[in-house]
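Please take me on a short tour of this structure in my viewer. Tell me what to select at each stop and what I will find there.

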Amino acid sequence: MATLIGERDRRYLESVFEKLEGKTRLLIFTESPSRLVVPGQRPCTYCQQTVQLVQEMASTTDKVEVVVYDRKVHLDMVQEYGIDMVPAIVVTDEQGSRRNVRFFGIPAGYEFGTLVEAIVDAGNGQTRLSPEVKERVRAIDVPVHLKVFVTPTCPYCPRAVRLAHQFAMENPNITAD
């Protein structure tokens, strides 16, 4: 199988991840390609590529751990993390305490960078939001579910995703997809 991350990008990831203070755990929810497709459902188009991409990314450092779950087998984990589509990636810190930052679909195009930044934030235990914004976001005391829809070629989408993910990292009441 051909690699998805080229050598230049591998070196870049190594340099970014070497600055991580802590570890990040990526939970990938997928569907086995050998599973029978239920009538009315389509097979998971990008599950295999998403797993490969994230595993290649994680292979550039010992500070990123990848755990893969099959949504048809690991029903308890699917329910615990609120996964209703695959492929899905949940970005958590090493303890798994941050679990409300999720990617649905393959993080391709511009969205690859937002995944890298979410990994760095989770591993370092902090976001890059200003203190004033952090204070306002932390004051939210009701559940909020942010959903950002993107296309791989949209140069503006990553900023919206990035902001939503940082909000979720600052406040457990916020889930960002």
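**The pocket.** Begin with the largest pocket of this predicted model, which has a volume of about 810 Å³. To find its centre, select Met 85, Pro 87, Phe 104, Gly 105 and Ile 106, the closest to that point among the 30 residues of the lining. Now colour the lining by residue type: you should see 16 nonpolar residues, six polar ones and eight charged ones.

Which elements give two or more residues to this lining? They are β4 (101-104) and α6 (157-170). Select β4 and you have the element that gives the most, with three residues.

**Helix α6.** Next, select α6, residues 157-170. Try placing a distance line between its end C-alpha atoms: they are 20 Å apart. That agrees with what its 14 residues should span at 1.5 Å a residue, which is 20 Å.

Is this helix mostly enclosed or not? Because 10 of its 14 residues are buried, α6 is largely enclosed by the rest of the structure. Highlight the buried ones: Cys 157, Pro 158, Val 161, Arg 162, Ala 164, His 165, Gln 166, Ala 168, Met 169 and Glu 170. Then show what surrounds them: these buried residues pack against β4, which you met at the pocket, and also against α4 (111-124), α5 (131-138), β5 (144-146) and β6 (174-176).

**The aromatic rings.** For the last stop, how many aromatic pairs does a search of the whole structure find? There are two. Select Phe 29 and Tyr 69 to see a stacked pair, with 5.3 Å centre to centre and 25° between the planes. This pair links distant parts of the chain: Phe 29 sits in strand β1 (residues 24-30) and Tyr 69 in strand β2 (residues 64-70), 40 residues apart.

Are these two rings' residues buried or exposed? Phe 29 has 0% relative accessibility, so it counts as buried. Tyr 69 is at 15%, and because buried means under 20%, Tyr 69 counts as buried too.

Keep Phe 29 selected and add Tyr 81 for a tilted pair, 5.9 Å centre to centre with 50° between the planes. Here again distant parts of the chain are linked, as Tyr 81 belongs to helix α3 (residues 75-81) and lies 52 residues from Phe 29 in strand β1. Tyr 81 is buried, like Phe 29.

Finally, show Phe 29, Tyr 69 and Tyr 81 together: ring pairs link them into a cluster.

Methods:
Residues are numbered from 1 along each chain as its sequence is written. This is a predicted model: local features need pLDDT of at least 70, side-chain atom pairs count only at pLDDT 80 or more; totals for chains, interfaces and linings use all residues. Side-chain values use heavy atoms; hydrogens and water are left out. On a 1 Å grid over the protein atoms alone, a cavity is a set of points where a 1.4 Å probe fits but cannot get out, and a pocket is an open set with protein on both sides within 12 Å along at least five of seven lines; lining residues have an atom within 4 Å of a point. Grid points are joined across faces, edges and corners, and a volume is the space filled by probe spheres set on the points. Helices (H or I, at least four residues) and strands (E, at least two) are DSSP runs, numbered from the N terminus. Ala, Val, Leu, Ile, Met, Phe, Trp, Tyr, Cys and Pro count as nonpolar, Asp, Glu, Lys and Arg as charged, and the others, Gly among them, as polar. The expected span of a helix is 1.5 Å times one less than its number of residues. Buried means under 20% relative accessible area, exposed over 50%, partly exposed in between (1.4 Å probe, protein chains only). Contact means heavy atoms within 4.5 Å. Rings of Phe, Tyr and Trp (its six-membered ring) pair if their centres lie within 6.5 Å; planes under 30 degrees apart count as stacked, over 60 as edge-to-face and the rest as tilted.
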